Amino acid sequence: MEAKVDFEELVAAHSRELYVYLWRLLGDDAEAQDALQDTYLRAWKGYEQLEADANTRAWLYAIAGNWARTLLKKRARGDGYSRDFVAALSDGRKGPGEQVAERERLIELHTAVMELPERQREAILMRKYQELEYAEIAAVLDCSEDSARANVYQGLKKLRQTLGEEVPV
């Protein structure tokens, strides 16, 4: 039986990617940082019960995703996107006209992604941006690998229907 990874090592190994995942889900830097801290607090509380051979990466993603869903449900509906999210993705080297067009495309993409069903949205973010394997996505979403693939496929299909064939994901 494998020895369980030290909790501090677990935090060090996954903090950056979990932060980016939370930032993509929440669209706000401060909220993502707070959510990451809450994720680790929840993980610490459940760490002793974790099996030594558990997929700790998927376990942390599941905790982070659950907490992000809770925050999204609590968040007051605003304009549907975070200006921090769009500003961070924009390329400052482009001219003003190009920047405006790019921001409009990013807002449209972000809005379309956020309107996807929860599981499809999370599956796409984990696969296309976090580069998780389907087995890890399945573990996070508590489904089969085929279901994880189907969630990514269906989400991308809906994005293409909404945004056209040129979906930048």
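Of the 169 residues in the protein chain, 43% are buried. The model is a predicted one.

The fold is helical. The protein chain holds eight helices and zero strands. Along the sequence, the pattern reads α-α-α-α-α-α-α-α.

Contacts reach across the sequence. Take the contacts between residues at least 6 apart in sequence: 66% of them join residues at least 24 apart. The protein chain also exposes about 9,800 Å². Carbon and sulfur atoms supply 48% of that area.

One helix pair deserves a separate look. Helix α1 spans residues 7-26, and helix α6 spans residues 118-129. How do α1 and α6 pack, and at what angle? Their axes lie 11 Å apart, at an angle of about 135°. Angles from 115 to 145 degrees fall outside the roughly perpendicular and roughly antiparallel ranges, so α1 and α6 are oblique to each other. The crossing of α1 past α6 is right-handed.

Which residues make the contact? The table lists them by helix.

| Helix | Residue range | Residues in the contact |
|---|---|---|
| α1 | residues 7-26 | Tyr21, Arg24 and Leu25 |
| α6 | residues 118-129 | Arg121, Glu122, Leu125, Met126 and Tyr129 |

By class, the contact of α1 with α6 has five nonpolar residues and three charged residues. No polar residues take part in this contact. Tyr21 and Leu25 of α1 count among the nonpolar residues, as do Leu125, Met126 and Tyr129 of α6. The charged residues are Arg24 of α1 and Arg121 and Glu122 of α6.

Terms used:
Residues are numbered from 1 along each chain as its sequence is written. This is a predicted model: local features need pLDDT of at least 70, side-chain atom pairs count only at pLDDT 80 or more; totals for chains, interfaces and linings use all residues. Side-chain values use heavy atoms; hydrogens and water are left out. Axes are lines fitted to C-alpha atoms, for helices over the stretch in contact, and angles run from 0 to 180 degrees between N-to-C directions. Helices (H or I, at least four residues) and strands (E, at least two) are DSSP runs, numbered from the N terminus. Angles under 35 degrees count as roughly parallel, over 145 as roughly antiparallel, 65 to 115 as roughly perpendicular and the rest as oblique. A crossing is left-handed if the near helix is turned anticlockwise from the far one by less than a right angle, and right-handed if clockwise. Contact means heavy atoms within 4.5 Å. Buried means under 20% relative accessible area, exposed over 50%, partly exposed in between (1.4 Å probe, protein chains only). Accessible areas come from the Shrake-Rupley method with a 1.4 Å probe; for residues, only the protein chains shown count as cover.
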